[in-house]
Amino acid sequence: MTMAESQILPDSAAIPRSVYEISRLSKTYARNRLVALTDVNLTLREGEFVSVIGSSGCGKSTLLKIMSGLMPPTSGRVTLEGKPVTGTRADIGMMFQQATLLPWMTTIENIVLPIEIRQGKSAARAARARAQELLDLVGLGDFAHVYPGELSGGMAQRASICRMLITRPAVLLLDEPFSALDELTRDFMNMELQRICHETRATAFLVTHSLAEAVILSDRILVMKPRPGRIVEEVVIPLPRPRTLEMINTPEFGRIVAHIRDLLGKEAEQ
Amino acid sequence: MTDTVSDDLPDTVWIEKTSWIDAMPRWLAMSLLFIAVVTLWDLVTRWGWVSPIILPSPAETLADLIFVGRNLITGDYMLGALWTTTKTVFFGFLIAASIGFLLGVLVGETKFGERAVMPYLVAIDTMPKVAFAPLFIAWLGFDIASKVALAAFIATFPIVVATAAGLYAASENERMLFKSMGATRMQTLLRLKLPTGLPYMFTGLKIAAVGVMAGAITGEFLGGGKGFGALIRQSASQMDTPRVFALILYLSLLGLLLYFTVVWAQRKFVFWNKDQRPGALG
């Protein structure tokens, strides 16, 4: 397959290698025979930012749970870095709607927690230097030794970004990470996320139901529809990088948002 | 020409009325209430509305308070009795905390515990536990052991329930986080569920602190022995009501000591709980 591709495409070296591959994925909940996902195919390439958008109940949370190894698929193929995903893995980074920092541990202790859980206390101590670097990266360098109760909502989510990055994951799975923040903080955090993804050359997959957020962050957007949950269209976002908040006011941005809203709206009418 | 408001007009002034009774500081309010109750008590006994055998006058009670206090300070027989009761309460609390914690983990962490053990615990908990006292005396004799057993028996249940509730307290997101980090069941229990449940467990310990006192004294009422409960019963049977009052007051100090030890431990161990530390985090 890859051999054939490279023969057909002479400039295949310019296309980044694929990191996460999903083919013919389906998920049926046995209890109520609900078809949550059917025939989902997607490929995340290295350094790419892909979002999935859709109304609630379209299966996007189910997709993310399967991708993170928290839930098995009913059928289909799910591979990260060529290895099948059969459970949670250290090379999968996750971020949730809530920062979920443990209040009895300092910020830096929270950040090295994934290392401590998987490799023990001495490995966690060794990872502290890197944790501090990550804190500096997200602008929390001075907050390493405070408790999460003293962090604002935005700061707590930045700390949880560090916790996600500490294991050097091959892919970042983001489950509406800023939806609990106010809109101004959210805009700011989205720009921060873009910068962090760029500096760490991360491959990221975002689940959201904010159109503007998906468009401003993504290289591609997968539009999903429910009953049964499936990807109905892939929208490539041609806006240049780095993206800025001013782009939201451009006609091109407006056209893209209108197009996706149209796709989602048809569903609502059905 | 401009719509600037003239400066001659008066400021808007809010007048908040607080009644003088709510405006009193705590020390004054508490003192006033104390004085009022003691005065009423004094009048009731002075005018002979109530027989002195039923309700002694404040002066008599104070005299007995001083007598008992002197007896305790000089290390006379009452100190020995208080020490016996203190030991009963201490060991009863320790046993209740240990067994309650272990049963709580069993019920809160395992499906078997939840399905099989919990119904029986609820059934036993609804029984009047004091009724078991004669059994404990029959099994363990009239010595301190039967009182410790009754005290522990009464205090165990709130700790079981609180521990189990505490283990359920971790949020769905936190559980998902630990799962995604590949945490084992033991790691999730030790690093997430137990710390999250600590505030609940301390609530259980506070309820248990009250129960263990009741259990110890009931045990001493029914089983005799050398404790404070036996002293109280003895004084009551001699119609020495002022002595009973004085003994109860000193006994309540033991209860307060235990209760506030638990509160102190909670402040120390659950330092992150903002509700427990008002003002500390702004």
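B:Arg185 counts as exposed, because its relative accessibility of 54% is over the 50% cut-off. This is a predicted model, so read every value here as computed from predicted coordinates. The partner of B:Arg185 is B:Glu109, and their side chains meet in a salt bridge with N to O at 3.0 Å. That pair ties together distant parts of the chain: B:Glu109 sits in helix 4 (residues 77-109) of chain B and B:Arg185 in helix 9 of chain B, with their positions 76 residues apart. Unlike its exposed partner, B:Glu109 counts as buried, because its relative accessibility is 14% and the cut-off for buried is under 20%.

**Salt bridges**

Over all chains, the structure holds 17 salt bridges. Here are three of them, with the N to O distances.

| Pair | N to O distance |
|---|---|
| A:Glu116 and B:Arg191 | 2.4 Å |
| B:Arg243 and B:Asp64 | 2.5 Å |
| B:Glu109 and B:Arg185 | 3.0 Å |

Take the salt bridge of B:Arg243 and B:Asp64, with its closest N and O atoms 2.5 Å apart. Here, too, distant parts of the chain are linked: B:Arg243 belongs to helix 11 (residues 241-269) of chain B and B:Asp64 to helix 3 (residues 58-73) of chain B, and the two are 179 residues apart. Both B:Arg243 and B:Asp64 are buried.

Chain A has something to add as well: A:Arg17, A:Glu46 and A:Glu81 are linked in a network of salt bridges.

**Where the chains meet**

On to the interface. Chain A puts 22 residues into the contact and chain B puts in 19 residues. About 2,000 Å² is buried between the two chains, and carbon and sulfur atoms give 69% of that area. On the polar side, the rule finds seven residue pairs in polar contact across the interface, both residues being at pLDDT 80 or more. Helix 4 (residues 113-119) of chain A gives the most to the side of chain A that touches chain B, namely five residues. Sorted by class, that side of chain A has 11 nonpolar, four polar and seven charged residues.

The rule finds one salt bridge across this interface, and the pair is A:Glu116 with B:Arg191, at 2.4 Å from N to O. A:Glu116 lies in helix 4 of chain A while B:Arg191 lies in helix 9 of chain B, so this pair joins two chains. At 13% relative accessibility, A:Glu116 counts as buried, whereas B:Arg191 comes out at 23% and counts as partly exposed.

Helix 8 (residues 172-180) of chain B is worth a look too. Its buried residues are B:Asn173, B:Glu174, B:Met176, B:Leu177, B:Phe178 and B:Ser180. What covers these buried residues comes from both chains: it includes helix 2 (60-67), strand 6 (92-95), helix 4 and helix 7 (153-165) of chain A, along with helix 9 (185-223) of chain B. Just after helix 8 of chain B, B:Gly182 takes a positive phi of about 75°.

**Chain B as a whole**

Zooming out, chain B has 11 helices and zero strands. Its radius of gyration is 26 Å, well over the 19 Å that the globule rule gives for 282 residues, so chain B is more spread out than a compact globule. The C-alpha trace of chain B spans about 90 × 70 × 35 Å along its principal axes.

Buried residues make up 40% of the 282 residues in chain B. Of the chain B contacts with a separation of 6 or more, 70% come from residues 24 or more positions apart.

Key
Residues are numbered from 1 along each chain as its sequence is written. Chains are lettered from A and ligands numbered from 1 in the order in which they are written. Side-chain values use heavy atoms; hydrogens and water are left out. Contact means heavy atoms within 4.5 Å. Buried area is the accessible area (1.4 Å probe) that two parts lose on being put together, summed over both. A salt bridge is a side-chain nitrogen of Lys or Arg within 4 Å of a carboxyl oxygen of Asp or Glu. A polar contact is a pair of N or O atoms within 3.5 Å; within protein, one must be able to donate a hydrogen and the other to accept it, and residues adjacent in sequence count only if both atoms are side-chain atoms. Helices (H or I, at least four residues) and strands (E, at least two) are DSSP runs, numbered from the N terminus. Ala, Val, Leu, Ile, Met, Phe, Trp, Tyr, Cys and Pro count as nonpolar, Asp, Glu, Lys and Arg as charged, and the others, Gly among them, as polar. Buried means under 20% relative accessible area, exposed over 50%, partly exposed in between (1.4 Å probe, protein chains only). The radius of gyration is taken over C-alpha atoms; the globule rule is 2.2 Å times the number of residues to the power 0.38.
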